[in-house]
Amino acid sequence: MTLVDSDFETHSDSRAETLFTGYRLGGLTLPNRVVMAPMTRVRAAAGGLATPSMATYYAQRATAGLIVSEGVQPSLIGQSNPGTPGLHTDEQVASWRPVTAAVHANGGRIFAQIMHGGRVSHPDTNGLVPVGPSAVPAVGEVFTPTGPQTAPMPRALETAEVPEHAQSYAAAARRAVDAGFDGVELHGANGYLISQFLSSNANLRTDRYGGSVANRVRFAVEAVEATIDAVGAARTGIRLSPGGTFWGVEEKDVPELYAVLLGELARLEPAYVHLEATVEEEILVALRRAWPGALIMNPVLPMGARRAERPDADRWLGLGADLISFGRAFIANPDLVERLRAGLPLAAEDAETYFQGGDAGYVTYPAYQHAG
């Protein structure tokens, strides 16, 4: 799918927008273009339940134009890490309602990121053998209740099983809306299940879900289509990491793969595509030009050497992004939007508390303290 430059310019206007200009995204009016990116924090209670501390955490950051939650598993077999929340039981839905209510009470908007881990899981975490497009294990160690362990061999999904896993995103999306979320983001990035199907080395299938580019994008498209059928296009986004190598995935044909995928997604008109800076800028800019809808850009490599800051955001707004997502910058700066607006210094987060559980390093970071 290719658009002429004039189409792109019409979509992006004169690029006079700033990070603090409002934006209409799906059915929402955002007061600014700052998005809180999804970040795993492993603070869920037993049974994948959301907690009061999670309500506090997200409500503290509700000045973001949009919050995208941590990855939420759509099924027990979709759980990747211990301590992560779910959206596949009635109890989980009920536990999320105080979280979404707290965000809305503080004037915010929140999407749930639906994350099926696929092969990036372990039987010690959920009692189940992980599944993936092929019997190819992830590279590295996965998190388990007893600490990191070598990623196990996944079971390759049978052709007849694949649609039910695509549908699991839609089922979780229905539950998310029931729980009060404004919409959902499908996690199609970072080596998890959708990303595994897109991959040229994790997906060795010879059926309709593997081999050619058209076949490898099929699972992603079916998952988005099912979700849109369930909750509507205005409530559905997807996050992608073109060329990313998380958990050992490879994509040998990034420009073609993502041009085909975006072309298929454009037909469905989801609320947005959320791209990570996981490939050369030239390719990302070309994908921006090929995508006619709203684009959220995560302007630095997730978990890379540095976190996103204001110059990164301004640069990508100039390159055609509509909204900018910030990850680690939001951890220690619950008032990140105001700090960016006023040019205030950003606090540094404590990496030791990323995943340790508890409230320290989670809800304990203060807003900026003005002298006097």
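Start by selecting Arg109, which sits in the loop between α3 (90-105) and β5. What you have open is a predicted model, so treat this as a walk through a prediction. Show everything that touches Arg109, leaving aside its neighbours within four places in sequence, and you get Leu28, Thr29, Leu30, Pro31, Ala62, Ala64, Gly65, Leu66, Ile67, Val103 and Asp182.

Is Arg109 buried or exposed? Its relative accessible area is 11%, and the cut-off for buried is under 20%, so Arg109 counts as buried. Now zoom in on the tip of its story: the side chain of Arg109 reaches the backbone oxygen of Gly65 at 2.6 Å. For a sense of scale, draw a distance line from the C-alpha atom of Arg109 to that of Ala172; these residues are 63 apart along the chain, and the line should read 18 Å.

**Next stop: strand β4**

Select residues 66-72, which make up strand β4. How many of the 7 residues of β4 are buried? The count is 7 of the 7, so this strand is largely enclosed by the rest of the structure. Two of the residues you just met beside Arg109, Leu66 and Ile67, fall within this stretch.

Now add the strands that pair with β4. On one side, 2 bridges join β3 to β4, and the two run parallel. Click on Met36 and look across: its bridge partner in β4 is Ile67. With β5, strand β4 pairs in the parallel sense over 4 bridges. Pick Val72 here and you'll find Ile114 as its bridge partner in β5. If you're wondering what holds such neighbours together, strands of a sheet pair through backbone hydrogen bonds, either parallel or antiparallel.

**Step back: the barrel**

Time to color a whole set of strands. Pick β3, β4, β5, β10, β11, β12, β13 and β14: in that order, these 8 strands close into a barrel, with parallel pairing. From one strand to the next, the twist averages 25°.

Where does the ring close up? Look at strand β3 (residues 34-36) and strand β14 (residues 323-326), which run parallel and are joined by 3 bridges. Met36 is worth another click, as its bridge partner in β14 is Phe326.

Then bring in helix α5 (residues 162-178), which packs on the sheet and touches β5 (110-114) and β10 (183-188). Its direction makes about 155° with that of β5.

**Along the barrel: Gly183**

Stay with β10 and select Gly183, which lies in that strand. What is its relative accessible area? It comes to 0%, so Gly183 is buried. Not counting residues up to four places away in sequence, Gly183 touches Ile110, Phe111, Ala112 and Arg235. Draw another line, this time between the C-alpha atoms of Gly183 and Ala271: the two residues are 88 apart along the chain, and these atoms are separated by 9.2 Å.

**Then β12 and β13**

Select strand β12 (residues 272-276), which is joined to β13 by 4 bridges, the two running parallel. In this pair, Leu275 stands opposite Met297 in β13. Now show the side chains of strand β13 (residues 295-298). Both of its faces are covered: Leu295 and Met297 are buried on one side, Ile296 and Asn298 on the other.

**A small helix: Asn215**

Jump to helix α7 (residues 213-216), where you'll find Asn215. With a relative accessible area of 16%, Asn215 is buried. Its contacts, leaving aside neighbours within four places in sequence, are Asp207, Arg208, Tyr209 and Gly210. One of them gives you something to zoom in on: the backbone oxygen of Asp207 lies 3.5 Å from a polar atom of the Asn215 side chain.

**Last stop: the whole thing**

Clear your selections and zoom out. The secondary structure comes to 12 helices and 14 strands. The radius of gyration is 19 Å, close to the 21 Å that the globule rule gives for 372 residues, so the protein is as compact as a globular protein of that length. Along its principal axes, the C-alpha trace spans about 65 × 50 × 35 Å.

How much of the protein is tucked away? Buried residues make up 59% of the 372 residues. Switch on the surface and you're looking at about 13,800 Å² of exposed area, with carbon and sulfur atoms supplying 54% of it. Finally, among contacts between residues at least 6 apart in sequence, 70% join residues at least 24 apart.

Definitions and conventions:
Residues numbered from 1 in each chain as written. Predicted model: local features only at pLDDT ≥ 70, side-chain atom pairs only at ≥ 80, totals over all residues. Heavy atoms only, no water. Pairing = 2+ DSSP bridges. Axes fitted to C-alpha atoms, helices over the stretch in contact; angles between N-to-C directions. Contact = heavy atoms within 4.5 Å. Rg over C-alpha atoms; globule rule 2.2 N^0.38 Å. Buried < 20%, exposed > 50% of the residue type's maximum accessible area, 1.4 Å probe, protein only. Areas by Shrake-Rupley, 256 points an atom, 1.4 Å probe, with all protein chains shown as cover. Polar contact = N/O pair within 3.5 Å; in protein donor to acceptor, adjacent residues only side chain to side chain.
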